[in-house]
Amino acid sequence: MKTTGSRIGNYSGEDAHNYEASAHPRQPVGIEDMLRFLTDGGQKPLKDQVVADLPCGSGLYVPFLAAKKLILADFSEGMLGEAKQVVPNPQDRELVSFQADLTETLPIESKSVDSILCNQFIHHVTTPEHGPERWKGLGKVFDSFHRILKPGGRLTISFCTREQVAHSYWTHSIFADDAIAEELTYYPDREELSGLLVQAGFQASDIGFDVIRQDLQADIWTIDPMDPSVQSGDSGFRFALKTSERRAEMQSKWQALQADPDALHSRKAAARDFVADKGSSTLCLATKA
Ligand SMILES: C[S@@+](CC[C@H](N)C(=O)[O-])C[C@H]1O[C@@H](n2cnc3c(N)ncnc32)[C@H](O)[C@@H]1O
């Protein structure tokens, strides 16, 4: 299997387990809004749909996907293995699951899928280059999404904008400045994302956005950023831990904050207030004409 598709990283073996068992447990944020969009406006009920979760990761959203047919794919076998464990009432649905690089040709028939969920993935396939090169992998993923959706089929993409990444995680405030700057290059804004969807064949008038005002760091007050299981399950730490200089800067910023509980509290409160105002993440909702 080629590994060029993902630039921030894949999750294999131990990381796959840590992603789910992380010291800051993940929440399926936005799931109610996603399900509403996937089933409203004359769409079939979920139980009669073919639904694809791409990539499914460790299956955070899978327990909610009680579809007629469920398609799960991920680059990481470890993640896929975890996701298959949480399929709801597996005897009641057809399950198709396979390891795949979503930037390559997807082995899913054209016009065969009613709904696609794509959560917290797109920063894994963008690259730090400026210009069109940055979006090449993501463009291929969206081409496949457009191809496999039935006419009228729906796509939900949850992602963080650059602004949301910069302000909604208090743990980022202890990262070295150049680590944050590097990380932000992987995240798009709304215009960049909808431009790519239009290039893939979606009509601009069929693309909308919503804000998710639920914290991705659910246990914001108790997270220990030096806990290895927090670090290995979070792609942001890949940048913060990339060099010994960055590690040292993070360590010293963390020590300074620990010595000043008021400052630590106000960093956490600032992140929480940002999330309440501008959201932790964004939901892109698109319908294929
Ligand atoms: C942050 S996780 C999100 C997983 C899941 N959608 C969720 O919301 O919990 C990102 C996932 O993308 C997968 N991934 C990264 N690059 C990939 C690629 N090129 N093709 C397929 N999966 C990829 C990783 O293995 C990981 O499971």
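Which residue in S5 is the bridge partner of Ser115? In this predicted model, that partner is Arg154. The pair is a good place to start a tour, and the rest of the fold can be built up around it.

**Around strand S5**

Strand S5 covers residues 149-159, and eight of its 11 residues are buried, so the strand is mostly covered. On one side of the story is S4, which runs parallel to S5 and is joined to it by six bridges. Between these two strands in the chain comes helix H4 (136-148), and S4, H4 and S5 together make a right-handed β-α-β unit. S5 also pairs with strand S7 (residues 281-287), this time in the antiparallel sense and again over six bridges. Within that pairing, Leu155 of S5 stands opposite Ala286 in S7. If you are following side chains along these strands, keep a general rule in mind: in a regular strand they alternate between the two faces of the sheet.

**Backbone spots worth a look**

Most residues other than glycine have a negative phi, and most peptide bonds are trans. Three places in this model depart from those habits, and the table collects them.

| Site | Backbone feature | Location |
|---|---|---|
| Leu54 and Pro55 | cis peptide bond, omega about -10° | Pro55: loop between S1 (50-53) and S2 (69-74) |
| Lys111 | positive phi, about 50° | loop between S3 (94-99) and S4 (113-119) |
| Gln120 | positive phi, about 50° | loop between S4 and H4 (136-148) |

How exposed are the two residues with positive phi, Lys111 and Gln120? Lys111 has 11 C-beta neighbours inside 10 Å; the cut-off for exposed is 12 or fewer, so Lys111 counts as exposed. Gln120 has 19 such neighbours, and because a residue is buried only from 20 upwards, Gln120 counts as partly exposed.

**The protein as a whole**

Stepping back, the protein has 11 helices and seven strands. Its C-alpha atoms fill a box of roughly 55 × 40 × 40 Å along the principal axes. What radius of gyration would a compact globule of 289 residues have? The expected value is near 19 Å, and the protein has 19 Å, which agrees. Buried residues make up 42% of the 289 residues. Contacts across the sequence are plentiful too: of those with a separation of 6 or more, 77% come from residues 24 or more positions apart.

Technical notes
Residues are numbered from 1 along each chain as its sequence is written. This is a predicted model: local features need pLDDT of at least 70, side-chain atom pairs count only at pLDDT 80 or more; totals for chains, interfaces and linings use all residues. Helices (H or I, at least four residues) and strands (E, at least two) are DSSP runs, numbered from the N terminus. Two strands pair if DSSP finds at least two bridges between them. A crossover is right-handed if, with the strands pointing away from the viewer, the path from the first strand over the helix to the second runs clockwise. The radius of gyration is taken over C-alpha atoms; the globule rule is 2.2 Å times the number of residues to the power 0.38. Two residues are in contact if their C-beta atoms, placed from the backbone, lie within 7 Å.
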